[in-house]
Amino acid sequence: MSSSYLVHAITDKAAHIWRYTSWKKAHPTGSIEDIPESNSPEISISLVDGKSIPEGISIDEATDLDIERLGHELDFDNGTAAPKFISAVVPKVYKFSIKDKLKIESPLLVKITTTGDICTVRLLIDIGNQVEAEIITIIEGDAKWTGILREGKYGANSIVNDVVTQITGSRLLRCDALSLGRDAQVKAGTVNASSSQAKIDIRHWLSEPGSSLKVNGSILSSNQDHLDSHIEITHTGRETHSRLEWHSACGGKSNTTGTGMLRIDAGAKGADAGQLFHNLLLSKKAKANSIPELEVLESEVVGCGHGTANGPLDEQQLFYLSTRGFDEHQARAALIAAFLNTPLSDMGSQQLHGWLIERIENHLNTI
Amino acid sequence: MGNLPLLKIEGLEASIDDTMILKGINLEILPGEVHAVMGRNGSGKSTTAHVLMGHPDYEVVNGSVQLNGEDLLEMEAFERARAGVFLSFQYPHSVPGLQVGNFLRRSVSAIRGEEAAKGAEFRNLLKEGMEQLGLDRSFLSRYVNDGFSGGEKKRFEILQMMLIKPKLAILDETDSGLDIDGIRTVAQGVDAAIRGSNSGALIITHYNRILEHVKPDKIHVLIDGKIVKSGGPELANKLEEKGYDWVEQEVMDNE
């Protein structure tokens, strides 16, 4: 594994993925040839409503066969250094699976609790066919640097809302590589508030006909945070649909970047894709970059578009709230929460949304 | 309270971007009274409303405004709201991402205190208000003014007024964009909130339709930033019938 990483350790700084946060900066020690010791986090699963976990949901150590079946790490192109690095240092590889046709009434919490200087996990995700589930993955704990590699598949005809949150923590490297089965409907959410540094690389493949994907992000940066998110969606199947909506609220002296790549391969007839980045600038010294890109190799598509919008808090909205008794702090907090809530509310059920918004609002009150 | 005016405006002059809009407004509203300000476009009606509410774009150049004897001009907008001033906006702003139910609770809590925003009393008041205004329960989970029709926006402003229970309600062209049923409903809301209480209302409007339902105690005509004529409800009918030219002529004759 380590030799496999070292082949990819030297990266192209001009590549889209490394242009705003170099691999050297994202690497835990800053020496890219260094393959340090890593802790393994504790992982637990529970239901939001406190009931017992239904049969058919499990987290186990993965076998070589699982890795062969579910691993996507080689599909990261110019970004391969990061997943290869996590693969090289992880003490354990886990498989999280939900069996075919299981319908879970309450959101499922996957809690990843990190410890030590460096803590990494490789989590293979195996969602069965016709599963209906909401999954909230919480990254928490006191590790100074956390690396997470999530790879796998959502089964055919499954309906899955899959949200990953990091609301408290320090440095984060996260790589996702997930494929959608035929007619799968997936909402993939990311909530990140207060990572001091994050390099997030999320990739989805719509390889089978009829699959539908929504990728939503609510990102809050403050102080001197440096948050860099790269989202790639590749359509190879016919009649596939995707939307990306990424909201970043940027305060303090933080630097936030969002890069997107929508790729429609030849043969993906009837594909429909769109991406939108919104940045809310909360201070004069905060910086936000949004770079959406398209690569369309098929002529018979329904649509493929992209856009960005940047701006400060709206003075008229602030005045409106002040006429309703909100002082300046309350009005600003309400507008930031509202901005982050727009993609949050589209990540899943009311129960899931309520769980997320409560934590975001609690966090906003602490900063 | 005796004869202490609820609202007392003296010699109010205000500008925006160095352009003088209000050129000396004088007005007194007693507790329980409803006054209306009428005038052509650009006469300063909405500016009056925004200056009273403390919009930061306007600069008060001269004059004083007191609410129950307290200097309103010294207060920030949120302090004026907490002191009892409510502005129903002509064009309410949308806040995507902020749910109506959450917003109402927080607003009532900020203005009337935490206790007023929880429990059965709040829920009943909300339910009654929504029923009266013809708003469906699903309205609470929508985002503030986001995608609302013109009528829904105005009804939502009145719902807020009913929950906040202000001392002074300023209705800036709340009747525009409403059908006749909507105007009647809004008028009932104003009557319920103001009549028989120590509160008061200032209705800013182009037309006398809403005034036929609310029945104001006094009508004021605003021309070029000044109140040039005041009278009883019959003045609204005369303005509706004859327009503003005769008032302007009177002003010129008196100069």
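Two strands are said to pair if DSSP finds at least two bridges between them. With that in hand, a good place to start in this predicted model is chain A, where strand β3 (residues 93–98) and strand β5 pair in the parallel sense over six bridges. Within this pairing, A:Lys95 stands opposite A:Leu124 in β5(A).

The path can be followed onward from β5(A), which covers residues 118–127 and is joined to β7(A) by ten bridges, the two strands running parallel. Two facing pairs help to find this step in the structure: A:Val121 stands opposite A:Ile148 in β7(A), and A:Arg122 is placed opposite A:Leu149 of that strand. Strand β5(A) is mostly covered, with eight of its ten residues buried.

Strand β7(A) then leads to strand β9 (residues 171–180) of chain A, again through ten bridges and again in parallel. Here A:Gly152 is the residue that stands opposite A:Leu178 in β9(A). How many residues of strand β7 of chain A are buried? Ten of the ten residues in this strand (residues 145–154) are buried, so β7(A) is largely enclosed by the rest of the structure.

Two loop residues of chain A deserve a look for their backbone angles. Most residues other than glycine have a negative phi. A:Asp183, although not a glycine, has a positive phi of about 60°, and its place is in the loop between β9 and β10 (185–193) of chain A. A second case is A:Glu239, also not a glycine, with a positive phi of about 55°; this residue sits in the loop between β13 (226–235) and β14 (241–250) of chain A.

Are these two residues buried or exposed? A residue counts as buried if 20 or more other C-beta atoms lie within 10 Å of its own. A:Asp183 has 20 such atoms within 10 Å and is therefore buried. A:Glu239 has 18 C-beta neighbours inside 10 Å, so this residue counts as partly exposed.

Further along chain A, attention turns to a pair of helices. Two packed helices are described by the angle between their axes and the distance between the axes. For helix α5 (residues 315–322) and helix α6 (residues 328–344) of chain A, the axes come within 9 Å and cross at roughly 125°. This angle makes α5(A) oblique to α6(A). The crossing by which α5(A) passes α6(A) is right-handed. On the α5(A) side, the residues that meet the partner helix are A:Gln317, A:Leu318, A:Leu321 and A:Ser322, and in α6(A) they meet A:Ala331, A:Ala334 and A:Leu335. The residues of this contact divide into five nonpolar, two polar and no charged.

Chain B brings its own arrangement of strands. Six of them form an open sheet with mixed pairing, in the order β6-β9-β10-β3-β11-β12. The edge strands are β6 (85–88) and β12 (226–231) of chain B, each of which pairs on one side only. On average, neighbouring strands of this sheet are turned by 20° against each other, direction ignored. At one end of the order, strand β11 (residues 218–223) of chain B pairs with β12(B) in the antiparallel sense over five bridges, and B:Leu222 stands opposite B:Ile227 in β12(B).

Helices lie across this set of strands. Helix α6 (residues 180–194) of chain B lies across β3 (34–38), β9 (168–172) and β10 (200–205) of chain B, and runs at about 165° to β9(B). Helix α9 (residues 245–254) of chain B lies across β11 and β12 of chain B, at about 70° to β11(B).

Helix α1 (residues 45–53) of chain B is mostly covered, as eight of its nine residues are buried. Among the buried residues of α1(B) are B:Lys45, B:His50 and B:Met53. Just after this helix, B:Gly54 takes a positive phi of about 90°.

Finally, the two chains meet. The contact takes 18 residues from chain B and 17 residues from chain A. Which elements of chain B each supply at least two residues of the side that touches chain A? They are α2 (77–83), β7 (95–99) and α3 (100–112) of chain B. The residues on this side of chain B divide into twelve nonpolar, five polar and one charged.

Notes
Residues numbered from 1 in each chain as written. Chains lettered and ligands numbered in written order. Predicted model: local features only at pLDDT ≥ 70, side-chain atom pairs only at ≥ 80, totals over all residues. Buried ≥ 20, exposed ≤ 12 C-beta atoms within 10 Å, placed from the backbone. Helix = DSSP H or I, 4+ residues; strand = E, 2+ residues; numbered from the N terminus. Axes fitted to C-alpha atoms, helices over the stretch in contact; angles between N-to-C directions. Parallel < 35°, antiparallel > 145°, perpendicular 65-115°, else oblique. Left-handed = near helix turned anticlockwise from the far one by under 90°. Contact = placed C-beta atoms within 7 Å. Nonpolar A, V, L, I, M, F, W, Y, C, P; charged D, E, K, R; others polar.
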